[in-house]
Structure formats: C-alpha cells, structure tokens
Amino acid sequence: MGTEGNMGTEGGFDGAKVALFLGDKLAVILRDDLPGLSFAGHWDLPGGGRERHETPFECVARECEEELGLVLRQQNMVWSRAFSNAVTGKGNVWFFVAKLPVDAVEQVRFGSEGQRWSMMSTQGYLSHLKAVPAFQGRLRMWMEV
C-alpha cells in the first residue's frame, strides 16, 4: 500500500477524509448550504471529526458508514497521509484514498449530513468549481505518486 505514516495509530489529529472510489468514480457529498458552514454548498468527500480515542482509520471508517452506509476495511485503503489542518491552522487531519467495487453503489444509504450524494469522475471533481479545494489538491497529490 502506498501509505505515508502509520494510518492506524497516529494520536494527534482532528479528523479524516477519504477519496472513496466505487469502481472508477468518486463518491461525493454536497455539503449543506448553511450560513457560517465552511465550504457550504460544495462537493465534499466522506469523513469528519475525530471522536474520543479513534485512530485515523477508525475515524474515517465510522464517518463513511454514517454518511454513506458503506463499511471500509483496512484492505480497501490504497493511500493515506497526514496534513496540517487548513481550517483551524492547528493540528493534523488525515486524507485517505480507498477503493470498493462498483456494485457498492447499490449499498449506499445516504445519512443525515449534506444535501445529497453523487458519483463523480476524478477529472470532474478535480475541475469542479464547487469542490473543496484542499481535497482537490490532495487527490492530485495521490495521483502523482
């Protein structure tokens, strides 16, 4: 696996996101359009804030199950890396890339966060004016590995 760092045991981090490929397309979530919400109305990736003593993987797996109803396993992960938290300027956040088979689309059960979910091509996400810019950059970084 092309993983930088130790994705299972990092203690100091705030949250985790995942570029989740179902087949060759990304699962994306349209963020709520609420005043004061960072990147309101933008296309986001599954993930969120850390709870209690979760590892980065446990955090992103829980968030993915809550948001899309999909179960991630360690073997689905193909890359991960810690980044500085661009929102707060303090702490770290983890970014993962994971792959599930295309038929996992049939198992998606959209949760209560966000307006809706969709499938998007990698290039579509990278060029979308309403995609979260930091995640576009991190996805590009993985593609260049």
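K17 stands opposite F95 in β7. That pairing belongs to a predicted model, and it is a good place to enter the sheet. The strand β7 spans residues 92–100 and runs parallel to β2, with eight bridges between the two.

K17 has a second partner. In β5, G47 stands opposite K17. Here the sense is antiparallel: β2 and β5 pair over three bridges. So K17 counts as a residue of β2 with a bridge partner in β7 and another in β5, and its strand is covered, because a residue is called buried when its relative accessible area is under 20% and eight of the eight residues in β2 are buried.

Now follow β2 itself, residues 15–22. Its side chains alternate. G15, K17, A19 and F21 point one way. A16, V18, L20 and L22 point the other way. Both sets are buried.

At the end of β2 comes a hairpin. Two residues lie between β2 and β3. One residue to look at here is G23, which takes a positive phi near 70°. The two strands run antiparallel and are joined by two bridges. L22 has K25 as its bridge partner in β3.

Step into β3, which covers residues 25–30 and holds A27. Is A27 buried or exposed? A27 is buried, because its relative accessible area is 1%, and the cut-off for that word is under 20%. Its surroundings can be listed. Leaving aside neighbours within four places in sequence, A27 is in contact with L20, L22, L45, P46, L68, S118 and M119. Two of these, L20 and L22, point the same way from β2. A27 also lies 7.1 Å from W117, C-alpha to C-alpha. In sequence, A27 and W117 are 90 residues apart.

Last, turn to a loop. E54 sits between β5 (47–49) and α1 (56–68). Is this loop residue buried or exposed? E54 is buried, because its relative accessible area is 11%, again below the limit of 20%. Where does the side chain of E54 reach? It reaches the backbone nitrogen of E51, at 2.8 Å. Further contacts of E54, beyond neighbours within four places in sequence, are F13, G49, C59 and R62. Of these, G49 falls in β5 (47–49), while C59 and R62 fall in α1 (56–68). E54 is thus in contact with residues of both elements that flank its loop.

Technical notes: Residues are numbered from 1 along each chain as its sequence is written. This is a predicted model: local features need pLDDT of at least 70, side-chain atom pairs count only at pLDDT 80 or more; totals for chains, interfaces and linings use all residues. Side-chain values use heavy atoms; hydrogens and water are left out. Helices (H or I, at least four residues) and strands (E, at least two) are DSSP runs, numbered from the N terminus. Buried means under 20% relative accessible area, exposed over 50%, partly exposed in between (1.4 Å probe, protein chains only). A polar contact is a pair of N or O atoms within 3.5 Å; within protein, one must be able to donate a hydrogen and the other to accept it, and residues adjacent in sequence count only if both atoms are side-chain atoms. Contact means heavy atoms within 4.5 Å. Two strands pair if DSSP finds at least two bridges between them.
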